[in-house]
Amino acid sequence: MTSRGVLPAALLLAVAAAALLLYTALPAAAAAAVAGDHSTLDKDENIQPLSTLNMAAARVMMDAGSVIHASPELLGANGEDSAWVTVNFTTPAPTDGHWIALFSPANLDLIMGGKQSSSSKINAAGEDEAPTGLPMAPIKYKFANISPSFMSSGSGNTSFLLINQRYDYAFGLFSGGKDNPKLVAVSNKIAFANPKAPVFPRLAQGKEWSEMAVTWTSGYNIDEAYPFVEWRMKGEENAKRTPADTLTYTRGHMCGKPANAEGYRDPGFIHTAILKNLWPNRDYSYQIGHELPDGSIVWGKSSTFRGTPSPGQASLQRIVIFGDMGLGQTDGSNELAGFQPGAQSTVDRLITDLPNYDAIFHIGDLSYANGYLAQWDQFTAQISPIASRVPYMVASGNHERTSHDTGGFYSGDDSHGECGVPAETLFSTPTVNAGQRLWYGVDRGLFRVCVGDTEHDWRPGSPQYEFLDGCFAAADRKHQPWLVFAAHRPLGYSSNGFYAKEGSFSEPMGRTLQNLWQKHRVDLAVFGHVHNYERTCPVYENTCTASPGSSPAANGSSPAVYSGVMGGTIHVVAGTGGARLRGFAGGEWPQWSVARNESYGYVKLTSRDQSRMEFEFVRSEDGQVVDGFVIEREYKDVLACIVDACEPHSLAN
Ligand SMILES: [Fe+2]
């Protein structure tokens, strides 16, 4: 049924030598016309590249003259969790419609929807056996003409970067383009040495400041091996072991297509251990592992982190915030990552910048898997170099949560059937509701960050409103002055065209929490969703309430300084993690819009004490700070009366 061919050795050597160069010199013509952005803002640009493959119409039409071969066959022999694979292919009548795709599990009977006569089942790990008859989307694909020699000779080669996603892999060679795929050849199977190995650890702050959650993915259910984290404070001799819990989800958890159809993929098992009683600012090392029944241990990677500063503690503290990142594709697959063209740049910059920040808040639209669940493994692999070192706190975006008739605030199906299940399982958050309603607060020394969930109701009287009221109130401002609100969709000020179309640049559709922000003197509200950068003045009811005490120098080298009584909250849109950038509405700038930038990048907050906080917008491309300001404030300035925020008082003494 399958056509497994081995190309001549000389050809293999030649193409292997050239292959590593290919993904850095891809023809521009191969770039996708698809664009990544937000469906509510522009549905035409919200196209996950994998959704453009019509797998439901795919047919098996094996061609004896077509051959595809992948090497090496054994990956990760030294414990690596990713590996480059070279694919060589040949076909007698090459066309622009030939494409190559990576599938896993390697059984293409199932992939082709059981249209072949013999159909064995996945069941590589013995769990979550998918029903036959359902098409399965690939994990990655490229057009064959990405190899320069293909159209003239019919033979080509390219390289794919694979990560350990459990199960085995095979490549398929298709003709017929995306609309009418015909499988003409299937490669040899390839696999990681231990497909079940624990991979991609990611940290998150726990419910207490002194707790750190370690989450990772493996192929081991609890009846096969016990998951744990071994950890120690730097300088300590004895390591501790903390057990982890084990979760998974199934096709039945999904709320619609493609997540419960061709986009579904067994997620393996997700483990989380909560490390407790950590000392503030102390360095720790840790390693994830699984103890097998015979007592032997399968270890994952080791890493290090620093304990969270205690609430109110003054020391150097830095927080990164951004939204809307998605996936980079270093191997040029999925049409050159046209979906999120800035993701790789932001990831690379965050890795370079790792010594210079202490925590990340990725405020929604994380992977843009959009119902193609294998992409979540790709995403956790992408961020693991960062998230294994600093807490990676997530918020819920429309691409994680919004799904028809599932209790969310918005209509539409921007999660494409995921209804929050993968994101809420793969990432630990210190919610009081055990996920699902993803709002929470965390203390980090001088900062208190209250994370909202814009995919659920926040209006007065709602559970979220009550939570946020309490979250803001819990900040002890004399010691913990910097109060930050972060959530996915702008609840106020954005000059994106969509918001302008609503009839006002501000507070569209009545979305606001401004009475809460004002009541609690929230310093900063940061949002994603809109794929550009914009900063307001301190603002309340569309009016600037404060001016910087010192204006930026003519060359922009010194930031604006806001000092004294705050007046209102500064709002920032930073949906600049990587999804395709968007412009701003034309016309005169609203009074409150004081800085704009169309760059990929992230916000960084820095504070060393209770009187000064620095804000920077860092451009991913070169690490330059392209906008910033400073708040200088004493405690009495926080206590001072401001409009609509003064507590009732008596003049009695
Ligand atoms: Fe969004």
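Biologist: Why does T406 count as partly exposed?

Modeller: In this predicted model, T406 has 15 C-beta neighbours inside 10 Å; a residue is buried at 20 or more and exposed at 12 or fewer, so T406, with its 15, counts as partly exposed. T406 is found in the loop between α7 (398-401) and α8 (421-426).

Biologist: Which residues is T406 in contact with, leaving aside its neighbours within four places in sequence?

Modeller: Those residues are C255 and C419, and a contact here requires C-beta atoms within 7 Å. The C-alpha atoms of T406 and C419 are separated by 7.2 Å, but the cut-off applies to C-beta atoms, so the C-alpha value does not decide whether the two residues are in contact.

Biologist: What makes β1 and β6 the edge strands of the open sheet?

Modeller: The sheet has five strands in the order β1-β9-β8-β5-β6, with mixed pairing, and β1 (59-60) and β6 (140-143) each pair on one side only.

Biologist: How do you know that β1 and β9 pair?

Modeller: Two strands pair if there are at least two bridges between them, and β1 and β9 (residues 182-186) are joined over two bridges in the parallel sense, so the criterion is met. Within this pair, V60 stands opposite L183 in β9.

Biologist: What makes helix α5 mostly covered?

Modeller: Of the ten residues in α5 (residues 343-352), seven are buried, among them A343, V347 and L350. Across the protein chain of 653 residues, buried residues make up 54%.

Note on methods
Residues numbered from 1 in each chain as written. Predicted model: local features only at pLDDT ≥ 70, side-chain atom pairs only at ≥ 80, totals over all residues. Helix = DSSP H or I, 4+ residues; strand = E, 2+ residues; numbered from the N terminus.
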